[in-house]
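Hi,

Here is the structure I promised to pass on. Have a look at it first, and my notes on the ligand and its surroundings follow below.

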Amino acid sequence: MSEKIAIYPGSFDPVTYGHLDIIRRGLSVFDHIIVAVLNNSRKDPLFTVNERVSLLKTATEGLGSVSVDSFDGLLMDYVHKKNVKIVLRGLRAISDFEYELQIASINKSLNPEIETCFMMTSNRFSFLSSSMVKEVAKYGGSVHDLVPEAVEQAIKQKYLTGGNGL
Ligand code: PNS
């Protein structure tokens with residue numbers, strides 16, 4: 001039987017415990033997960049794509065069969081190039097639904113062969129987003145319980161050296 005592989009795309013600016021929760025849950029269903037960091041030209045990220053990939057690699061060490069990559073352009077082109085049929089996304093609350101429905105519907109119209117699989121984030125992370133983490137850290141709050149240690153240190157470093165990126 002062939003391996004069940006899913007691509008988990010996102011901005012991951014930076015990776016949070018909420019993202020790691022989805023990766024863990026994904027690994028209970030899929031044999032391998034490719035975490036794909038969007039090299040977003042529109043947003044003004046705090047971390048470069050290479051930094052986001054590197055933080056994700058550290059954060060996913062020991063979780064299981066996970067690889068981390070980055071992509072430009074359309075997700076459906078990237079998924080096609082990787083020969084994968086499933087996109088994994090997390091849903092935190094009902095407020096995510098409309099945005100996710102839009103993305104999944106556009107992707108379906110671009111490539112009807114691809115399915116988007118949603119997993120519910122654990123309740124304790126339902127409020128958690130990368131933007132919130134950046135805002136808390138920017139104003140000196142503790143993000144210790146929200147992100148892995150390496151991310152916490154990297155954010156502190158960014159704001160010490162005058163990063164912005166909310
Ligand atoms: O973490 P995010 O920012 O909510 O992730 C959004 C993402 C990366 C899944 C989405 O913006 C995306 O796939 N962008 C790539 C461009 C694309 O394919 N656009 C059409 C579908 S929105």
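A quick definition before the details: a polar contact here is a pair of N or O atoms within 3.5 Å. Also, please keep in mind that this is a predicted model.

With that cut-off in hand, start at S11, where a polar side-chain atom lies 2.6 Å from an oxygen atom of the ligand. R89 also brings in its side chain, with a polar atom 3.1 Å from a ligand oxygen. L75 uses its backbone instead: a polar atom there is 2.8 Å from an oxygen atom of the ligand. On its own the ligand has 530 Å² of accessible area, and the protein covers 78% of that.

Who else is around the ligand? The shell includes G10, L38, K43, F71, Y99 and N107. Sorted by class, it holds six nonpolar, four polar and two charged residues. Helix α4 (residues 94-110) gives the most to this shell, with three residues.

Now for the pocket. The ligand takes up the space of the largest pocket, which has a volume of about 1,300 Å³. Its lining counts 42 residues, and the closest to the pocket's centre are G10, S11, K43, R89 and Y99. Here, too, α4 gives the most, with eight residues. Among the other elements that each supply at least two lining residues are β1 (5-10), β4 (86-91) and α5 (130-138). By class, the lining of this pocket has 16 nonpolar, 17 polar and nine charged residues.

Happy browsing!

How values were computed
Residues are numbered from 1 along each chain as its sequence is written. This is a predicted model: local features need pLDDT of at least 70, side-chain atom pairs count only at pLDDT 80 or more; totals for chains, interfaces and linings use all residues. Side-chain values use heavy atoms; hydrogens and water are left out. A residue is near a molecule or strand if one of its heavy atoms lies within 4 Å of it. A polar contact is a pair of N or O atoms within 3.5 Å; within protein, one must be able to donate a hydrogen and the other to accept it, and residues adjacent in sequence count only if both atoms are side-chain atoms. Accessible areas come from the Shrake-Rupley method with a 1.4 Å probe; for residues, only the protein chains shown count as cover. On a 1 Å grid over the protein atoms alone, a cavity is a set of points where a 1.4 Å probe fits but cannot get out, and a pocket is an open set with protein on both sides within 12 Å along at least five of seven lines; lining residues have an atom within 4 Å of a point. A molecule sits in a cavity or pocket if more than half of its atoms lie within 2 Å of its grid points. Helices (H or I, at least four residues) and strands (E, at least two) are DSSP runs, numbered from the N terminus. Ala, Val, Leu, Ile, Met, Phe, Trp, Tyr, Cys and Pro count as nonpolar, Asp, Glu, Lys and Arg as charged, and the others, Gly among them, as polar. Grid points are joined across faces, edges and corners, and a volume is the space filled by probe spheres set on the points.
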